[in-house]
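Biologist: Could you pick one small part of this structure and give me a close look at it? I'm new to this, so please go step by step and link it to the rest as you go.

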Amino acid sequence: MRRENLTDEQLLYQWASLVLPYLSPRDLAASACACRTLSLIASGVTSRRTADAARGLERYPIPFGNATASPQPYSYFLYTPHPILSPSPSSSFSQSWGGEGTRGSATDCERLQGLRSCFGGFEVGCDCDRCEEGRCSCWSDMELGVLKECGENCACGLTCENRRTRSGIPIRLKIVRDARKGWSLHAAEAIRRGDFVCEYAGEYLTTEEAQIRLKTYDELSLKGTISPALLVVREHLPSGKACLRVNIDATKIGNAARFINHSCDGGNLKLLLVRNSGSLLPRLCFFASVDISEDEELSFSYGASAIKENSLPCFCGSANCSGVLPSEET
C-alpha cells in the first residue's frame, strides 16, 4: 500500500505502533487518553508487556502473573540477558517492548550489549574439541565459592557442557504480585537441586558509584517510590587477605532475577560467582539449593539482618524471620 493512499487514521496507526512500545507506563497511559486508535494500540502494548517481561530475549516468555491484582500490571525496566558496563550519565537508552508481532529489538539489545566489553579481557581459553571434566583447563570444581567455565575465546563452541550459565535462562519462570512483598519470581516448572536457574544481570558498578546509588535508593525506598535491586557480593581472593567487591545494579536495567526476594532462612537458591576463561569480571548466577516445585517462589538470603534506624520490613514468612531486610553497609 502506497503512503499517499493511506487515510489519516491508518497513518496514525502505523506511527503509533512503532512509537508507543518505547513509552514508559505513564506516557503510554497518557497517550491512550488522546483518541480511540491510540487507546487500542496502548491496550495491546500493555497486554504484550504483561505476557513477557523478557521481550522475547530469553528461551521462554516470562509473564507477569495475577497482574490484574495490581494497579500496574507489570514492572517497567530495560531488559538485558547479561550484565553490562554501566552507561555514562549522559547516555540515553530506550527499548521497544510490547510491539505487535515483534521480539525485543535487536538494535536496542545490541546497544546494551555493546557495553559488555568487560567480558573479553584476556585472549585465553581452552582448545578442546569437546570439553570433559578433568581434561579441560577451564573446567574445575568450585574454589573459594567460585565456579569456572569456558569463555568466549575457547574453541569448544556454544554447545559445550561447561557453558551451562551462558545461554540465558534455561527454565520457565513467572513474576507474581504479592500484597506485601510486591513483585516476586516463581518457578513455572519443577526445578531439580543443583540446576542452573538464572544469572543476575544488570549494570556493573564501581564501588564508589554503588555507594552513591545505595544512599539514593535507601532514601527513595523509605518514601515507597522505588524498589532497588542493587546486589553486592564479595569474592575472596586466594591469598585470603583481600576480596573483590562485585556490584551489579538491576534497578533500571536487568533481567528476571531482579524480582528474587530475600528469605531469612536462606531460601531455595544458592548464589555462586562464575568466572569464564578470559573474562575480567565474575558473573553472579543462581542455582537451586533444593528441589523446587512448580509455582514455588524463588528466594535467597541477601545477607545477615541487623535492626537499625530506617530498616525496611521483611515479609519472607520463614520461621526465623528477623522482621527486617538486610542492608548493605556502604
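Modeller: Let's start with Lys174, which is partly exposed, with a relative accessible area of 23%. Keep in mind that this is a predicted model. What does Lys174 form a salt bridge with? The partner is Asp295, and the closest N and O atoms of the pair are 2.5 Å apart. Lys174 sits in strand 6, while Asp295 belongs to the loop between strand 15 (283-288) and strand 16 (299-300), so this pair ties together parts that are 121 residues apart in sequence. Asp295 is partly exposed too, with a relative accessible area of 43%.

Now look at the strand that carries Lys174. Strand 6 covers residues 173-178 and is joined to strand 7 by six bridges, with the two running antiparallel. In general, strands of a sheet pair through backbone hydrogen bonds, and they can do that either parallel or antiparallel. If you want a spot to click on, try Asp178, which stands opposite Gly182 in strand 7. Zoom out a bit and you get an open sheet of three strands, in the order 1-6-7, with mixed pairing. Strand 1 and strand 7 (182-187) are the edges: each has a single partner strand, so one side of each has no neighbour in the sheet.

Strand 1 (64-65) also takes us to a helix. The buried residues of helix 3 pack against strand 1, and against helix 1 (8-19) and helix 2 (25-32) as well. Among those buried residues are Leu38, Ile41, Val45 and, perhaps a surprise to you, Arg49. Helix 3 itself runs over residues 36-51, which makes 16 residues, and it reaches 23 Å from its first C-alpha to its last, close to the 22 Å expected.

Back to the salt bridges. How many does the structure hold? There are eight, and two others go well with the Lys174 one. The side chains of Glu199 and Arg283 meet at 2.9 Å, N to O. Glu199 is in strand 8 (residues 196-199) and Arg283 is in strand 15, so that pair ties together parts 84 residues apart in sequence. Here both Glu199 and Arg283 are buried, whereas Lys174 is partly exposed. Then there is Arg213 with Asp249, whose side chains meet at 2.8 Å, N to O. Arg213 lies in helix 5 (residues 207-222) and Asp249 in strand 11 (residues 243-249), so the parts tied together are 36 residues apart in sequence. Arg213 and Asp249 are both buried, and they belong to a network of salt bridges that also links in Glu203 and Glu209.

What about disulfides? The structure holds zero of them. A disulfide is a covalent bond between the sulfur atoms of two cysteines. Take Cys316: the closest cysteine sulfur to its own is in Cys314, 3.6 Å away, which is too far for a bond, because a disulfide needs the sulfurs within 2.5 Å. Cys316 is buried, with a relative accessible area of 15%. Another buried cysteine is Cys154, at 9%.

One last stop: the unreviewed UniProt entry carries the annotation "domain: Post-SET" over residues 310-326. Over that stretch the chain is 0% helix and 0% strand, and its end C-alpha atoms are 12 Å apart.

Methods. Residues numbered from 1 in each chain as written. Predicted model: local features only at pLDDT ≥ 70, side-chain atom pairs only at ≥ 80, totals over all residues. Heavy atoms only, no water. UniProt positions renumbered as here; feature names shortened; annotations may be inferred. Helix = DSSP H or I, 4+ residues; strand = E, 2+ residues; numbered from the N terminus. Expected span 1.5 Å × (residues − 1). Buried < 20%, exposed > 50% of the residue type's maximum accessible area, 1.4 Å probe, protein only. Contact = heavy atoms within 4.5 Å. Pairing = 2+ DSSP bridges. Salt bridge = Lys/Arg side-chain N within 4 Å of Asp/Glu carboxyl O.
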